[in-house]
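I opened this notebook to record what I looked up in one structure. My topics are confidence, pockets and the packing of helices.

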Amino acid sequence: MAVQLREIRDAFMSYQTDKGFVHGYDQMYKAVFDVIGDPESLLEVGFLKGYSAAAWKHLFPEARLMFIDKKEKPNDVIDAARDLPFAVQDSARSVVAEVVGSGYDIIIDDGDHRPDFQWQTFLNLLIVTGK
């Protein structure tokens, strides 16, 4: 059974990520999880202070998680995300697939919000999906 919308909203609120209460992505994620089920592996591009990383860990505690950002993990990262797998990597560079590994059920791009970078990230990471 896929994660429920209330669970997604609660995790987003608990870890103060803007994915739910600001952007409303909770409903979109729910629709995706209804199709693919709860992911066994998840890669997220963009880390900031780890708010959404902590929410994903809360929602999918058994999943293989990986997070990348083109900047170092900040010193003021939230405690719940401090020990999560992280790599400094620019997803728009072709070497990113070598760094993150492969077999991801879902990749979430919340990194650079420029369309040209998003397109390059898509092309670079398409090969690491498990589907």
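**Entry 1: terms.** Before turning to the pockets, I noted that helices and strands are DSSP runs, numbered from the N terminus, with at least four residues for a helix and at least two for a strand. I also noted that lining residues have an atom within 4 Å of a point of the pocket.

**Entry 2: confidence.** I recorded that this is a predicted model. I looked up the average pLDDT of the chain and found 89. I found that 98% of the residues score at least 70. I then asked where confidence is lowest and where it is highest. The lowest mean, 82, belongs to H2, and the highest, 96, belongs to H4.

**Entry 3: the largest pocket.** I looked up the space in the largest pocket, which is about 740 Å³. Its lining consists of 38 residues. Which of them lie nearest the centre? I found Gly-46, Phe-47, Asp-110, Gly-111 and His-113 there. I next listed the elements that give two or more residues to this lining. Among the helices I wrote down H2 (18-21), H3 (25-36), H4 (51-59) and H6 (115-125). The strands on my list are S1 (41-45) and S4 (106-109). Which element gives the most to the lining? I found that H3 does, with 4 residues. By class, I counted 14 nonpolar, 11 polar and 13 charged residues in the lining of the largest pocket.

**Entry 4: the second largest pocket.** I found a volume of about 160 Å³ for the second largest pocket. I wrote down its lining as Ile-107, Asp-109, Gln-118, Thr-121, Phe-122, Leu-125, Leu-126 and Thr-129. Both S4 and H6 supply at least two residues of this lining. H6 gives the most, with 4 residues. By class, the lining of the second largest pocket has 4 nonpolar residues, 3 polar and 1 charged.

**Entry 5: helix packing.** I reminded myself that two packed helices are described by the angle between their axes and the distance between the axes. I looked up H1 (residues 5-14) with H3 and found that their axes come within 9 Å and cross at roughly 135°. H1 and H3 are therefore oblique to each other. I noted their crossing as right-handed. I then turned to H1 and H4, whose axes come within 9 Å and cross at roughly 140°. That angle makes H1 oblique to H4. I recorded the crossing of H1 and H4 as right-handed.

Methods: Residues numbered from 1 in each chain as written. Predicted model: local features only at pLDDT ≥ 70, side-chain atom pairs only at ≥ 80, totals over all residues. Heavy atoms only, no water. 1 Å grid on protein atoms, 1.4 Å probe; cavity = no way out; pocket = protein on both sides within 12 Å on 5 of 7 lines; lining within 4 Å. Points joined across faces, edges and corners; volume = space filled by probe spheres on them. Nonpolar A, V, L, I, M, F, W, Y, C, P; charged D, E, K, R; others polar. pLDDT = per-residue confidence, 0-100. Axes fitted to C-alpha atoms, helices over the stretch in contact; angles between N-to-C directions. Parallel < 35°, antiparallel > 145°, perpendicular 65-115°, else oblique. Left-handed = near helix turned anticlockwise from the far one by under 90°.
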